[in-house]
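Please read the following report alongside the sequence and the coordinates. The topics are backbone angles, the sheet, its helices and the contact between the chains.

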Amino acid sequence: MNDSPEPAILLRGLSKQFGKFAALRRVTAEFSAGRLYCILGGNGAGKTTLLRTLAGLSRPTRGTVSLLGETDFRAARPKIGYMAHPSLLYDELSGMENLRYFACLYGIADEARCSDAIRAVALDPTLTRAVGQYSQGMRQRLSLARAFLNRPEMLLLDEPFSNVDLTSAQAMVRLLCDSRDAGKTIVVTTHQAALLDGSADEFVWMDAGAIVNRTKDWKLNAGSASELI
Amino acid sequence: MRVCRATLTKDLRLEWRSRDVINAMLFFALLVVVIFSFSFDPTAEESRHIAGGLIWVAFLFAAVVALNQTWARELRNDVLDAYRISPAPANALFLAKAIGNFLFVSILELLMAPLFVVFYNLRVLGSASSLALLAALGTWALVVNGTFFAAISLRTRSREIMLPLLLFPISIPAIIAMVNGTTAILTGEDSARFWLVLLGAYDVVFTTGSMLLFETVLHAE
C-alpha cells in the first residue's frame with residue numbers, strides 16, 4: 001500500500017447542478033493514492049455524477065478537482081481508466097477488435113497488451129463473437145479490461161459488479177485488490193458493498209449529492225445500508 | 001494520423017457489418033430519382049438544365065441519413081465517452097468521421113450516377129473531369145459541415161430534425177455552386193471554373209473552422 005502524503009484526488013467545494021437539481025453539493029474530500037475506495041449510497045445520491053466529474057466527462061458547476069496532482073483534465077486523461085454503467089464498447093466488434101481500437105487511442109501499439117487485458121478478466125482473446133452477443137457479465141468484464149488497458153494510475157469504476165455472477169464478481173474484486181497493491185488508486189461505486197467487505201480501504205457514503213460519512217467497515221453505517229446487499 | 005486511420009478503419013468495419021448507412025442512403029436516393037422521373041417527363045435538353053438541382057437534392061437528403069447515423073453509433077453504449085476520456089486528439093475523430101462519410105456518399109454517387117443517366121437521358125456535354133472534381137468538392141462540402149453539425153446536434157432531443165435545420169442554411173453557398181457548376185458542365189454552355197473555385201474556398205474555410213471548433217463540441221456536455 002502506498003502511504004504517499006499527497007492525495008490522489010482532491011475535491012474542494014465541488015458542486016454540480018443540472019438545471020435546478022443539485023447532483024453534487026459542495027463536496028470537499030481527499031482520497032489517498034494506492035487505496036481502494038468504495039462509494040455507497042442510494043439511487044440519485046450523486047455517485048455516478050461524482051465519478052463522471054472525476055473522469056472529466058462532466059464539468060463542475062463550482063469547485064475544483066485535482067487528480068494525481070493535475071488540475072487540467074487533459075493532463076490527467078492518460079493516467080485514468082474509466083468504466084461506466086454502459087459498456088463503452090462497440091456491439092458489432094469482437095472483444096479484441098474493441099480493445100485494439102481503444103489501445104490505439106492511448107498510443108498503444110503492442111497487441112499483447114490487449115490480449116493480456118482480456119485474459120486478466122477471464123475472457124478469451126480469440127473469441128470472434130461480436131460483443132453484442134456477449135452476456136451482460138462478459139460485457140462488464142470486457143469493459144473492465146478496457147479500463148485497465150492503458151495501465152492507469154487511477155481507476156474509476158461505476159457499478160462494475162452489476163449483472164455479474166458471484167464467482168466473476170469475486171475474481172474482479174481480486175483483480176482490483178492486486179491493482180491497489182500495485183499502487184493504483186481505485187474508486188468504485190456499487191450497491192453490492194458486501195463484495196468489497198475486507199477488500200476496500202474505506203467506504204464513502206453519499207446522500208443527496210454530499211459525502212455524509214466515511215467508514216472502514218461498510219456495516220457501520222447501518223441506517224443507509226438498507227438498499228445494499 | 002494513427003488515431004484517424006484506426007477510427008476510419010473501425011467505422012468502415014462497423015458499416016461493412018451493419019450496412020445501416022449505405023442501405024438507408026441508397027433506398028432514399030433511389031426513391032427521389034424514381035419519384036422525380038415520374039413527376040417530370042423532360043426532354044434530354046431540359047434534363048441537362050434541371051438535373052444539377054435534382055442530383056444534388058437527392059444526394060443532400062441521402063447524405064443527411066448517413067450523417068445522423070455516423071454519430072448515433074457513438075452514442076450506443078456511450079462509446080463516445082471512451083474517446084472523450086482518452087488522450088486522443090479530437091481532430092483525429094472528426095477527420096476520420098468526415099472521410100468515412102465522404103466515402104459513403106461517394107459510393108452512393110457512383111451507384112446512383114448510372115440511374116440518373118438512364119432516367120433523365122443525360123449526356124455530359126462539358127468536361128467529365130471537371131464534373132468529377134465538382135462532385136468531390138461538393139461532397140466534401142456536404143460531409144464536412146454535416147459531420148460537424150451532426151456532432152453539435154448529437155445531444156439535442158430531436159437531432160434528426162436539428163441536423164437539417166443547422167446544415168441546410170449554412171450549405172446554401174455550396175449548394176448553389178454545386179447546382180450551377182453541374183448544370184454548366186452538363187449543358188456545356190458555361191465554364192464551371194468559378195463554381196469550382198468557390199467550392200474549393202468553401203471547403204477550405206469550413207474544414208479549417210470545423211477542425212478548430214471540434215474539440216469544444218466533443219467535450220461539451
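In which strand of chain A is the place of R26(A)? R26(A) lies in strand 2 (residues 21-32) of chain A. This is a predicted model, in which local features need pLDDT of at least 70, side-chain atom pairs count only at pLDDT 80 or more, and totals for chains, interfaces and linings use all residues. Residues are numbered from 1 along each chain as its sequence is written, while chains are lettered from A and ligands numbered from 1 in the order in which they are written. Helices (H or I, at least four residues) and strands (E, at least two) are DSSP runs, numbered from the N terminus.

**Backbone angles**

Most residues other than glycine have a negative phi. R26(A) is not a glycine, yet has a positive phi of about 40 degrees. A residue is buried if 20 or more other C-beta atoms lie within 10 Å of its own, exposed if 12 or fewer, and partly exposed in between, with C-beta atoms placed from the backbone. R26(A) has 15 other C-beta atoms within 10 Å and is partly exposed. N163(A), in the loop between strand 6 and helix 6 (166-181) of chain A, also is a residue other than glycine with a positive phi, near 65 degrees. N163(A) has 13 C-beta neighbours inside 10 Å, so it counts as partly exposed. Two glycines that follow helices of chain A are listed with these residues.

| Residue | Phi | Place in chain A |
|---|---|---|
| R26(A) | about 40 degrees | strand 2 |
| G56(A) | about 85 degrees | just after helix 1 |
| G107(A) | about 70 degrees | just after helix 3 |
| N163(A) | near 65 degrees | loop between strand 6 and helix 6 |

**The sheet of chain A**

Six strands of chain A form an open sheet with mixed pairing, in the order 5-6-7-3-8-9. Strand 5 (80-83) and strand 9 (210-215) stand at the edges with a single partner strand each, so one side of each has no neighbour in the sheet. From one strand to the next the twist averages 15 degrees. Two strands pair if DSSP finds at least two bridges between them. Strand 5 and strand 6 (residues 154-158) of chain A run parallel and are joined by four bridges; in strand 6, L156(A) is the bridge partner of Y82(A).

Is strand 3 of chain A enclosed or open? Five of its five residues are buried, so strand 3 is largely enclosed by the rest of the structure. On one side L36(A), C38(A) and L40(A) are buried, and on the other Y37(A) and I39(A) are buried. Strand 3 runs parallel to strand 7 of chain A, with four bridges between them, and I39(A) has T189(A) as its bridge partner in strand 7. Four bridges also join strand 3 to strand 8 of chain A, again parallel, and C38(A) stands opposite F203(A) in strand 8.

**Helices of chain A**

Helix 1 (residues 47-54) of chain A lies across strand 3 (36-40), strand 6, strand 7 (185-189) and strand 8 (202-207), running at about 150 degrees to strand 7. Such angles run from 0 to 180 degrees between N-to-C directions, with axes fitted to C-alpha atoms, for helices over the stretch in contact. Seven of the eight residues of helix 1 are buried, including K47(A) and R52(A).

In helix 3 (residues 95-105) of chain A, 11 of 11 residues are buried, among them E97(A), N98(A) and R100(A). These buried residues pack against helix 4 (111-120) and helix 5 (136-148) of chain A, and against helix 1 and helix 4 of chain B.

**Chain B and the contact**

Chain B has eight helices and zero strands. Its radius of gyration, taken over C-alpha atoms, is 18 Å, which agrees with the value near 17 Å for a compact globule of 221 residues (the rule is 2.2 Å times the number of residues to the power 0.38). Buried residues make up 43% of chain B.

Two residues are in contact if their C-beta atoms, placed from the backbone, lie within 7 Å. By that rule 21 residues of chain B are in contact with 23 residues of chain A. Helix 1 (2-18) and helix 4 (79-84) of chain B each give two or more residues to this side of chain B, and helix 1 gives the most, with eight residues.

The largest nonpolar core has 137 residues, and those with the most contacts inside it are C38(A), A145(A), L156(A), F59(B) and A63(B). Such a core is a set of buried Ala, Val, Leu, Ile, Met, Phe, Trp, Tyr and Cys residues joined through C-beta atoms within 7 Å. Leaving aside neighbours within four places in sequence, A63(B) is in contact with V105(B), L142(B), V143(B) and G146(B).
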